[in-house]
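Reader: I'd like to go through the ring contacts and the packing in this one. Can you walk me through them?

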Amino acid sequence: MKFRYDIQGIRAIAVLTVFVFHLGFLPNGYLGVDIFFVISGFLITGILNKEFINGTYSIKEFYLRRLRRIIPLVLIVNIIALIIGFIIMLPDDYENLAQSVVATNFFSNNILQYITTGNYWDVVNDYKPLMHTWSLGVEEQYYLLFPVIFLFLTKRKNKLFTILLVLTCISLLSFIFTKNEAGAFYLLHNRFFEISVGGLATLKQQEIKSNKNVANISLLLLFIIIFLDFGLSNQIKVVLTVALTCLLILHNTTYSLSNKFLSFKPIVFLGTISFSIYMWHQLVFATYRYLFGLEMNFIAGVLFFVIILILSVLSYYFVEDYFRNSKKVSTKNVLIFTISLFLITTIVSLFIYIKGGIVKDFPILNITTQNAKRGINSEYNDRIYKLSGNFNTTKTKVLIIGDSFGRDWGNILLESNYKNNVEVKYC
């Protein structure tokens, strides 16, 4: 396939919108992930279909390419997240991070997020260094299944388009009509159509005559959906984003205004390092928020952009570009590196999980590695439930009625200087 600089530009738009969204300044910026899905389906389906037609298709080679492209950086980010977590995190949060590392290693953090948090917009996600790897889970689950389709095809009767079309329609209907919002966001069968639509586009691109007006309008409408809020449902915004991204890719031409913008060298460069930007940004944001709080201003955003840009440039040239180049590193060495780091991060994370995140002493919490066990945080938070019933002392009586905020206040009161002078009850 001919290299397209404009697609790198679209990648840049996708990653920058996600970046700004996670800063807290662009409510619809999460749609950048949907743009990524379409691009991925367009490019990879085109490559695999061409290999199939030329007789060079190999599932083994496809998986090796994906391994070279994705796994080294993911594992490096995971191990750095574990190191940072060891330094700054409380036990319960470190235990949750360990869960995320294992889930990310097995491309299933989307499933973990679905089971645990459920709501992508929950504030707690802002403090999770690996929250964003849910999208890798969806994409890699797709590419574990997609290549198998070619085993049932023949060059004479290549039914790939028909098969993809049927699966796309099923997934789209499931996404639109499901009442499970968390499932619609996180699970593969509801996200399948976003990647497969890109695949359908690449299979029909030779039959479609490019139209610069369609490309220009598609890019404009894409910006409008991302930057403005018309009160549309998430399903409608996602479907529109997917459709407009497809139209933009199919109709963009050398002579369009959209192409001039998307092929602008700085934008192309950001698209080239977009995977590194995506992998680093949430780790940096979550670390800052964990130490200093949720709110970020414009100046902080600019500073973070510079920091993440530096990290991304380094990881692109010394990790991404290095590992995917078979002339620089052999398949054997790639496998040794990735398997070793995979085992290290997985085993360490399982140990952290078993220990409930208590892998060092926390004197201020009266917690040590000697009494390490899972569930200490829950025991602490839930102890106030035992304080029910009637008052039965002459101490100052305090009745707490409330939710988790009330329970937190009760625990604070029970550890304050007033603890011996009050009788606390909760209902």
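Author: Sure, starting with a ring residue: at 26% relative accessibility, phenylalanine 305 counts as partly exposed, where buried means under 20% relative accessible area, exposed over 50% and partly exposed in between, with a 1.4 Å probe and protein chains only. This is a predicted model, where local features need pLDDT of at least 70, side-chain atom pairs count only at pLDDT 80 or more, and totals for chains, interfaces and linings use all residues. Residues are numbered from 1 along each chain as its sequence is written, and side-chain values use heavy atoms, with hydrogens and water left out.

Reader: How many aromatic pairs does the count come to?

Author: Rings of Phe, Tyr and Trp (its six-membered ring) pair if their centres lie within 6.5 Å; planes under 30 degrees apart count as stacked, over 60 as edge-to-face and the rest as tilted. By that rule, the count of aromatic pairs is 37.

Reader: What kind of pair do phenylalanine 19 and phenylalanine 305 make?

Author: Their ring centres are 5.6 Å apart. The planes meet at 85°, so this pair is edge-to-face.

Reader: Which helices does that pair link?

Author: The two residues are 286 residues apart, so to speak in distant parts of the chain. Helices here are DSSP runs (H or I, at least four residues), numbered from the N terminus. Phenylalanine 19 is in helix α1 and phenylalanine 305 is in helix α15.Reader: Are tyrosine 142 and phenylalanine 146 stacked or edge-to-face?

Author: Tyrosine 142 is buried at 0% relative accessibility, and phenylalanine 146 is buried at 2%. Their ring centres lie 5.5 Å apart with planes at 20°, so the pair is stacked.

Reader: How many residues of α6 are buried?

Author: Helix α6 covers residues 134–145. Among its buried residues are Trp134, Leu136, Val138 and Tyr142. The helix is mostly covered, and the buried count is 10 of its 12 residues.

Reader: Which ring does the charged end of arginine 191 sit over?

Author: A charge sits over a ring if NZ of Lys or CZ of Arg is within 6 Å of the ring centre and within 35 degrees of the ring normal. For arginine 191, the charged end is 4.7 Å from the centre of the ring of phenylalanine 185.

Reader: Which helix gives the largest share of the lining of the largest cavity?

Author: On a 1 Å grid over the protein atoms alone, a cavity is a set of points where a 1.4 Å probe fits but cannot get out, and lining residues have an atom within 4 Å of a point. Both α3 (59–88) and α14 (274–292) supply at least two lining residues each. The largest share, 4 residues, comes from α3.

How values were computed. Expected span 1.5 Å × (residues − 1).
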